[in-house]
Amino acid sequence: MPSRDATTHWTGGLQKGKGEVTFDSSNLGTYEVSFPTRAGDPDGQTSPEELIAAAHSSCLAMNLSGVLESQNLEAESIDVSAEVTLGPAQGGGFEISGIAITLRAKLNGVTAEQFAELAKTAEQTCPVSKALSGTTITLDAALA
């Protein structure tokens, strides 16, 4: 399977500096980043946490569709949101202190309990969830 890449060009210090993140693999574009907008009002800029949230939500939606398919099921729709929280780290600096996943799916033929198990399997086997296993991930999954 292919790898994907992005690059960031940064100038200046942490508080007054700024950067540009370029999505190289997809040529999707270049987006501005800065620490003040990361730690406060986004003011139209993205952040590492938003990019992680995008990666996690899209990966989990794909992974759930695969888990369902392995059970001969197909959802009418799957909606996943990921809220990634940046907070102070013990000993200084910052850390991603948690990721809250909200997953809703329109799916016939399963009970709420069966769906909860399928969603749990999808979260535990999601490649991005595995990569982020060093942080607390919560899952709120329900049928829509």
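Below are short questions and answers on salt bridges and one helix residue in this predicted model.

Me: How many salt bridges does a search of the whole structure find?
Reply: Side chains of opposite charge can pair when their charged atoms come close. One such pair is Glu-49 with Arg-38. Another is Arg-104 with Asp-140. The search of the whole structure gives 2.

Me: Which helices does the salt bridge between Glu-49 and Arg-38 tie together?
Reply: The side chains meet at 2.6 Å, N to O. The partners sit 11 residues apart in sequence, so the pair ties together separate parts. Glu-49 lies in residues 48–70 and Arg-38 in residues 35–39. Those are helices α2 and α1.

Me: Is Glu-49 buried or exposed?
Reply: Buried means under 20% relative accessible area. Glu-49 has 5%. Its partner Arg-38, at 32%, counts as partly exposed. Glu-49 is therefore buried.

Me: Which strands hold Arg-104 and Asp-140?
Reply: The closest N and O atoms of this salt bridge are 3.1 Å apart. The pair links distant parts of the chain, 36 residues apart. Arg-104 falls in residues 94–106 and Asp-140 in residues 137–143. The strands are β5 and β6.

Me: What is the relative accessible area of Asp-140?
Reply: Arg-104 counts as partly exposed at 28%. Asp-140 is also partly exposed. Its value is 38%.

Me: Which side chain makes a polar contact of 2.8 Å with Thr-37?
Reply: Thr-37 is found in helix α1 and is buried at 11%. Leaving aside neighbours within four places in sequence, Thr-37 is in contact with Pro-42, Asp-43 and Gln-45. The polar contact of 2.8 Å is with Ser-34.

Key
Residues are numbered from 1 along each chain as its sequence is written. This is a predicted model: local features need pLDDT of at least 70, side-chain atom pairs count only at pLDDT 80 or more; totals for chains, interfaces and linings use all residues. Side-chain values use heavy atoms; hydrogens and water are left out. A salt bridge is a side-chain nitrogen of Lys or Arg within 4 Å of a carboxyl oxygen of Asp or Glu. Helices (H or I, at least four residues) and strands (E, at least two) are DSSP runs, numbered from the N terminus. Buried means under 20% relative accessible area, exposed over 50%, partly exposed in between (1.4 Å probe, protein chains only). Contact means heavy atoms within 4.5 Å. A polar contact is a pair of N or O atoms within 3.5 Å; within protein, one must be able to donate a hydrogen and the other to accept it, and residues adjacent in sequence count only if both atoms are side-chain atoms.
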